[in-house]
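The following exercises are to be worked through with the sequence and the structure at hand. Each task is followed by a solution in steps.

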Amino acid sequence: MHSITVNQVPAQLRKNSLSLMALYIATGIDPEKSVLFIQSHVPQHAELSWVLSTITYMGQLSRMTQYKEKLAKNQDNQNVGLFTYPVLMAADILLYQADFVPVGSDQKQHLELARDLAERFNNKYSDTFVVPEPLIPDSGGRIMSLKDPTAKMSKSDPDENARILLLDDKDAIVRKIKRAVTDSMGEFRYSEEQAGLMNLINIYSAFTGETSETIVKRYENENYSRFKEELGELVAEGLRPIQERYREISSDKGYLEEVCKKNAQRASYAAMKTLRKVYKKVGFYQV
């Protein structure tokens, strides 16, 4: 549902939905344990979003950083869905009574809105929603663009060299990291003054689990090119098993469709329990 706030090619969107499902499973998420489903298969998301929109303030939404950034990039796409996007995101979370939400640091503002809406609804109608907490990883919580370390890495960036995709082949990954922006200081440090290098160290840390201090000590007497070369190899090797598993899963369309169908039912059951509670609290007559 969020995806159509920007222009989409319908056939490609359908293809991408199944592809993303395969990718989630390939990264190690077990659809038997975790309820992986396609959002538009569960209409309760849109239904709760409407209820939440009636207690959301215009000022809150207008201050959303991502909304302002997207608007600045595309003045011809000032649609209401883009403005109310965070309310639907709040519904995605609150519908399932989530205690914790794993997010990157760039999504913390959206989660704060979800928390505000949960508390506002609870105060107005009595306890209904769990107020969720963010779960932000120590490493990899915010990965920046390879070409502009002041902006987050984004799949929608027009410069393909600014991002690494999970399905990029080894040559592409190595090439992109070699071309990544660093600085002219020539010192291997983990510092805000060297935002490009700091970003690459964060990527290294996310793949190895090592601290930035350990990585800096290893490369403190090396030049940037060697670090980039080894980082490229590290990322490519880290993504290889995911890519292999993805190719295996994505070739079985029947399996993916069965996962979608089964888990949509599981998600709908859980979502409906929350929505019926919400409808009762706000006074909707139910049969």
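**Exercise 1. Determine whether Gln97 is buried, partly exposed or exposed, and describe its backbone.**

Step 1. Buried means under 20% relative accessible area, exposed means over 50%, and partly exposed lies in between, with a 1.4 Å probe and protein chains only. Gln97 has a relative accessibility of 21% and therefore counts as partly exposed.

Step 2. This is a predicted model, in which local features need pLDDT of at least 70, side-chain atom pairs count only at pLDDT 80 or more, and totals for chains, interfaces and linings use all residues. Residues are numbered from 1 along each chain as its sequence is written, and side-chain values use heavy atoms, with hydrogens and water left out.

Step 3. Locate the residue: Gln97 is placed in the loop between α5 (80–94) and β1 (100–102). Helices (H or I, at least four residues) and strands (E, at least two) are DSSP runs, numbered from the N terminus.

Step 4. Inspect the backbone: Gln97 is not a glycine, yet its phi is positive, at about 50 degrees. Most residues other than glycine have a negative phi.

Step 5. Turn to Ser126, which is not a glycine either and has a positive phi of about 95 degrees. Ser126 belongs to the loop between α6 and β2 (133–135), and with a relative accessible area of 36% it is partly exposed.

**Exercise 2. State which residues have the most contacts inside the largest nonpolar core, and which helices supply it.**

Step 1. A nonpolar core is a set of buried Ala, Val, Leu, Ile, Met, Phe, Trp, Tyr and Cys residues joined through side-chain atoms within 4.5 Å. The largest such core has 34 residues, and Met21, Phe188, Phe227, Leu231 and Val235 have the most contacts inside it.

Step 2. At least two residues of this core come from each of α1 (10–26), α7 (170–178), α8 (195–208), α9 (212–219), α10 (224–250) and α11 (253–282). The largest share, 9 residues, is that of α10.

Step 3. Another core lies apart from this one; it has 32 residues, among them Val42, Leu52, Phe121 and Val278.

Step 4. Examine Val235: with neighbours within four places in sequence left aside, it is in contact (heavy atoms within 4.5 Å) with Ile164, Ile173, Ile177, Ile203 and Phe207.

**Exercise 3. Describe how α8 meets α10, and place Met198.**

Step 1. The axes of α8 and α10 come within 10 Å and cross at roughly 35 degrees. Axes are lines fitted to C-alpha atoms, for helices over the stretch in contact, and angles run from 0 to 180 degrees between N-to-C directions.

Step 2. The crossing of α8 and α10 is left-handed, meaning that the near helix is turned anticlockwise from the far one by less than a right angle.

Step 3. From α8, the residues Leu197, Leu200, Ile201, Ile203, Tyr204, Phe207 and Thr208 take part; they meet Tyr224, Phe227, Lys228, Leu231, Leu234, Val235, Gly238 and Leu239 of α10.

Step 4. By class, this contact has 12 nonpolar, 2 polar and 1 charged residues. Ala, Val, Leu, Ile, Met, Phe, Trp, Tyr, Cys and Pro count as nonpolar, Asp, Glu, Lys and Arg as charged, and the others, Gly among them, as polar.

Step 5. Met198 also lies in α8 and is buried, with a relative accessible area of 15%. Apart from neighbours within four places in sequence, Met198 is in contact with Tyr190, Ser191 and Glu192. Between Met198 and Thr182 the C-alpha to C-alpha distance is 8.5 Å, and the two are 16 residues apart in sequence.

**Exercise 4. How many salt bridges does the whole structure hold, and how is Glu112 linked?**

Step 1. A salt bridge is a side-chain nitrogen of Lys or Arg within 4 Å of a carboxyl oxygen of Asp or Glu. The whole structure has 14 salt bridges.

Step 2. Glu112 and Arg115 form a salt bridge at 3.9 Å, N to O. Both lie in helix α6 (residues 108–125), 3 residues apart, about one turn of the helix. Glu112 is partly exposed at 34% relative accessibility, whereas Arg115 is buried at 15%.

Step 3. Salt bridges link Glu112, Arg115 and Glu133 in a network.

Step 4. In α10, Glu230 and Arg226 are 4 residues apart, about one turn of the helix, and their side chains form a salt bridge (2.7 Å, N to O).
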